[in-house]
Amino acid sequence: MTKFELHLSGSKIGEQRVPIDVMGKYLIALNDLVSDVAYAKEKVPKTMKKKIEFFNQRQLYLTGLTSGSSTCQIESDPLGSMDNYLYGDEKLKKYSPVENLLIILFEGIEIIQSVDEKKAFSHLQNLFPDPINRIHILNDYKKIWMIRNVEFEFRKIKQFYPKKKIAIKYSYYSRVRKMLDKELKVETQTYSGVITRIKADGKKRYFTLLTGRYQTIECNLSKEEEQNIISFFKTPVKIKGIISQIRTKTTIKDVLEINKMESIEITPIDYPLLSKPFFVDINYDPESELWTAINDDYGIRASADTIEDLKEECIDQLDSTIDLFIIQKIKQKITPKYAEIIENIKTIIDVLKFNSEDHWIME
């Protein structure tokens with residue numbers, strides 16, 4: 001059985017008092033790291049039964065806090081013994097399955113913190129050659145590094161690693177983030193739309209993202225993400241993923257992030273008269289298959305068949321108000337509420353960009 005400690009210190013941490021959100025983020029990130037390193041470095045079984053057995057051998061457990069400190073005791077499952085080690089390289093069988101993964105995990109941390117940024121990235125690419133695996137692992141590392149005012153150490157690791165402890169230094173967070181950003185620029189894209197179909201059975205598991213009128217993107221569905229994807233069914237979402245382009249068909253082969261989309265941003269690039277961007281709340285009605293948008297501050301209430309058309313409708317409504325009441329200055333009785341809307345709009349437009357004879361929208 002593998003045993004080691006996670007020690008936390010800093011302004012947020014007291015004796016035997018660790019904020020749940022801080023501890024939860026670290027433990028989840030560590031668990032994700034172990035899994036993603038396993039996918040990167042070992043032959044993970046494909047059948048569900050063998051896959052469950054495989055990861056049971058590599059499962060870590062929180063067994064308590066050390067008395068008088070903020071040190072968590074971590075243990076592996078008894079199944080994770082050398083006798084049960086059936087996968088990976090022969091030379092790694094000196095240690096248990098979970099120890100081999102921790103060795104690689106610690107090596108990655110030391111690479112990031114030991115040499116200059118360019119060399120560190122090169123060494124990390126050698127350690128994790130596959131770019132998709134590397135993106136997942138860098139994303140996990142980012143979660144461990146990103147919490148401010150907390151120092152984090154792996155302790156009592158001498159039994160399977162040549163050092164007594166390894167500390168996570170927050171000063172390297174920007175380096176991890178830059179490495180991840182460099183990978184994501186090459187490998188990923190972000191799409192907005194509605195999940196309209198989920199196929200969670202058979203060999204090919206996927207869900208469909210409706211991104212425009214009759215425009216869909218097929219996204220691979222992992223067993224681990226199934227419940228999360230179901231919770232987003234027929235709601236507006238924004239998905240960042242690693243894409244595969246075969247002829248005209250785009251597929252998201254690996255979903256990295258999925259978030260509910262509650263608003264769209266309208267910027268000066270979308271509408272040149274703006275001096276700053278603003279947001280419009282959006283919703284999607286699966287019954288009518290209509291997108292709707294509301295921003296009462298600027299008098300916008302729109303609906304459309306697609307999110308692209310919805311954005312255009314919002315801009316058209318804003319432009320109409322500006323044209324009539326700010327550019328042409330039509331003398332017409334309006335309600336106090338509408339007068340307030342006009343004043344609000346004046347705070348987000350640049351009057352130097354237009355005059356009554358030169359409106360940017362050509363009718």
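**Close-ups of a predicted model**

Lys-199 counts as partly exposed, with a relative accessibility of 22%. Everything shown here comes from a predicted model.

**View 1. Lys-199 and Asp-201 share a salt bridge.** Here the side chains of Lys-199 and Asp-201 meet, at 3.7 Å from N to O. Lys-199, at 22%, gets the label "partly exposed" because buried means under 20%. Asp-201 is partly exposed too, at 49% relative accessibility, and it misses the "exposed" label because that one is kept for values over 50%. For a bit of background, side chains of opposite charge can pair when their charged atoms come close. In this model, the count of salt bridges comes to 15.

**View 2. Five strands make an open sheet.** Reading across the sheet, the order is β2-β3-β1-β4-β5, and the pairing is antiparallel. At the edges you'll find β2 (60–65) and β5 (165–168), each of them pairing on one side only. From one strand to the next, the twist averages 25°. Helix α1, made of residues 20–41, packs on this sheet and touches β1, β2, β3 (71–76) and β4. The direction of α1 makes about 140° with that of β1.

**View 3. β1 and β4 run antiparallel, side by side in the sheet order.** Strand β1 covers residues 3–9 and strand β4 covers residues 151–155. How many bridges join β1 to β4? Five bridges do the job. For a spot to look at, try Leu-6, which stands opposite Phe-154 in β4.

**View 4. Lys-165 and Glu-153 meet in a salt bridge.** Their side chains come to 3.8 Å, N to O. Lys-165 sits in strand β5 and Glu-153 in strand β4, so this pair links distant parts of the chain, twelve residues apart. Is Glu-153 buried or exposed? Glu-153 is buried, with a relative accessible area of 15%, and that label fits because buried means under 20%. Lys-165, at 46% relative accessibility, counts as partly exposed. There's a third member to spot here: Arg-155 is linked with Glu-153 and Lys-165 in a network of salt bridges.

**View 5. Arg-134 and Glu-183 form a salt bridge between two helices.** The side chains meet at 2.4 Å, N to O. Arg-134 lies in helix α5 (residues 131–145) and Glu-183 lies in helix α6 (residues 173–187), so the pair ties together parts that are 49 residues apart in sequence. Both Arg-134 and Glu-183 are buried.

**View 6. Another open sheet has four strands.** This one has the order β11-β12-β13-β14, again with antiparallel pairing. Which strands stand at the edges? They are β11 (263–266) and β14 (300–304). Each has a single partner strand, so one side of each is left without a neighbour in the sheet. The twist here averages 25° from one strand to the next.

**View 7. β13 pairs with β14, and helix α8 lies across the sheet strands.** Strand β13, residues 290–295, pairs with β14 in the antiparallel sense over five bridges. What is the bridge partner of Trp-291 in β14? Look for Ala-304. Helix α8 (residues 307–327) lies across β11, β12 (278–285), β13 and β14. The helix runs at about 150° to β14.

Terms used
Residues numbered from 1 in each chain as written. Predicted model: local features only at pLDDT ≥ 70, side-chain atom pairs only at ≥ 80, totals over all residues. Heavy atoms only, no water. Pairing = 2+ DSSP bridges. Axes fitted to C-alpha atoms, helices over the stretch in contact; angles between N-to-C directions. Contact = heavy atoms within 4.5 Å. Salt bridge = Lys/Arg side-chain N within 4 Å of Asp/Glu carboxyl O. Buried < 20%, exposed > 50% of the residue type's maximum accessible area, 1.4 Å probe, protein only.
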